[in-house]
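Trainee: Got a few minutes to look at a model with me? I'd like to go through it piece by piece.
Mentor: Sure, put it up and ask away.

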Amino acid sequence: MSYLNDKLKLLKKNYEMIFKDSYSQIDSAVCNLSEHDCKIYLENRLKKFKNEAVSFINDLKLKSKCSGCGICCRFAVSEYSYNELEQKAKKGDNYAAQFISIFVPYDSPDEYENIFPQYIKLLSGQKYYVYHCPKVTEDNKCPEYDNRPQICKDFPDNPAGFLPPSCGFMDWKLKSEPVWLKLRAEIEIINYFLEKI
Ligand code: SF4
Ligand code: SF4
């Protein structure tokens, strides 16, 4: 079992615990409320938690810094082939359009297998494609750093995503992940309760 497989299992376990905790809090808070008050409680709770969680995650990210390992420029994974991404971009998918404007596919797995091997083990058995940015320099610099594309500026955009151990955002990820998981759980549960009203 690889290091990232263990991480994935732990992530799922943590999400289940957070989900159960939020569910029982929300359930006991709304059980005696009228439909009208229940709706107001749920909407306010979600709004408040969303604002707090997003501020916490963003503020903490501003205090973190890229350590310049270059891995995210050399190891961009997609479930889509280059042709599929081109088709998606033609149909108006903005992310796909940006992705193929930056990244190109590797010619062979030999070229990327040693970049983030833990991630490759995690993807074993799945359909995936690995891309790289031809612009990154040998010493891991971006020649257009100040004008780099938005998806490069946004990376890493999800605290629950897997980062290489060398990433300067690892501390941010570890501290933000539980808040992000709780936000996902609150959204899922509150939408469920709102649909039932
Ligand atoms: S454009 Fe710059 S930051 Fe973005 S992947 Fe390429 S080298 Fe990295
Ligand atoms: S993986 Fe993290 S530290 Fe490495 S280049 Fe990307 S953002 Fe910077």
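Trainee: How many bridges join strand 2 to strand 3?
Mentor: There are 2 bridges between strand 2 and strand 3 (residues 129–132), and the two strands run antiparallel. Keep in mind as we go that this is a predicted model.

Trainee: Okay, and which residue in strand 3 is the bridge partner of proline 105?
Mentor: That would be tyrosine 131.

Trainee: What is the strand order in the sheet?
Mentor: The order is 1-3-2, in an open sheet of 3 strands with antiparallel pairing. Strand 1 (76–78) and strand 2 (104–105) each have a single partner strand and stand at the edges, so each has one side without a neighbour in the sheet.

Trainee: Let's move along the chain a bit. Where is glutamine 126 found?
Mentor: Look in the loop between helix 6 (117–122) and strand 3.

Trainee: Buried or exposed?
Mentor: Glutamine 126 is exposed, because it has just 8 other C-beta atoms within 10 Å, and the cut-off for exposed is 12 or fewer. Also, glutamine 126 and glutamate 79 are 8.4 Å apart in space, C-alpha to C-alpha, though 47 residues apart in sequence.

Trainee: Any backbone oddities I should check? What is phi of asparagine 140, for instance?
Mentor: Phi there is near 65 degrees, a positive value in a residue other than glycine. Asparagine 140 sits in the loop between strand 3 and helix 7, and with 14 other C-beta atoms within 10 Å asparagine 140 is partly exposed.
Mentor: Have a look at phenylalanine 155 and proline 156 too: a cis peptide bond joins them, with omega about -5 degrees. Proline 156 is in the loop between helix 7 (150–154) and helix 8.

Trainee: On to the ligands. Which residues surround ligand 1?
Mentor: Among them are Cys73, Cys133, Cys142 and Cys152, along with Lys135, Glu144 and Arg148. By class, the shell has 7 nonpolar and 3 charged residues, with no polar ones.

Trainee: And what about the residues around ligand 2?
Mentor: They include Cys66, Cys69, Cys72 and Cys167, and Phe155 from that cis bond is there as well. This shell divides into 8 nonpolar and 4 polar residues, with no charged ones.

Trainee: Changing topic, what does the domain assignment give for the chain?
Mentor: Domain 1 covers 3–64 + 174–196, and domain 2 covers 71–166. Their C-alpha centres lie 29 Å apart.

Trainee: How many residues of each are in contact?
Mentor: 11 residues of domain 1 are in contact with 7 residues of domain 2. On the domain 1 side, helix 1 (3–30) and helix 8 each supply at least two residues. Helix 1 gives the most, with 6 residues. That side divides into 7 nonpolar, 2 polar and 2 charged residues.

Trainee: Last one: which residues make up the largest nonpolar core?
Mentor: There are 8 residues in all: Ile26, Leu42, Trp180, Leu181, Leu183, Ala185, Ile189 and Ile190. Helix 8 (residues 170–196) gives the most to this core, with 6 residues. A second, separate core has 7 residues, including Ala76, Leu85, Phe99 and Val130.

Trainee: Which residues is alanine 185 in contact with, leaving aside its neighbours within four places in sequence?
Mentor: Those are Tyr15, Ile18, Phe19 and Ser22.

Notes. Residues are numbered from 1 along each chain as its sequence is written. Chains are lettered from A and ligands numbered from 1 in the order in which they are written. This is a predicted model: local features need pLDDT of at least 70, side-chain atom pairs count only at pLDDT 80 or more; totals for chains, interfaces and linings use all residues. A residue is near a molecule or strand if its C-beta atom, placed from the backbone, lies within 6 Å of it. Ala, Val, Leu, Ile, Met, Phe, Trp, Tyr, Cys and Pro count as nonpolar, Asp, Glu, Lys and Arg as charged, and the others, Gly among them, as polar. A nonpolar core is a set of buried Ala, Val, Leu, Ile, Met, Phe, Trp, Tyr and Cys residues joined through C-beta atoms within 7 Å. A residue is buried if 20 or more other C-beta atoms lie within 10 Å of its own, exposed if 12 or fewer, and partly exposed in between; C-beta atoms are placed from the backbone. Helices (H or I, at least four residues) and strands (E, at least two) are DSSP runs, numbered from the N terminus. Two residues are in contact if their C-beta atoms, placed from the backbone, lie within 7 Å. Two strands pair if DSSP finds at least two bridges between them. Domain bounds come from an automatic or database domain assignment.
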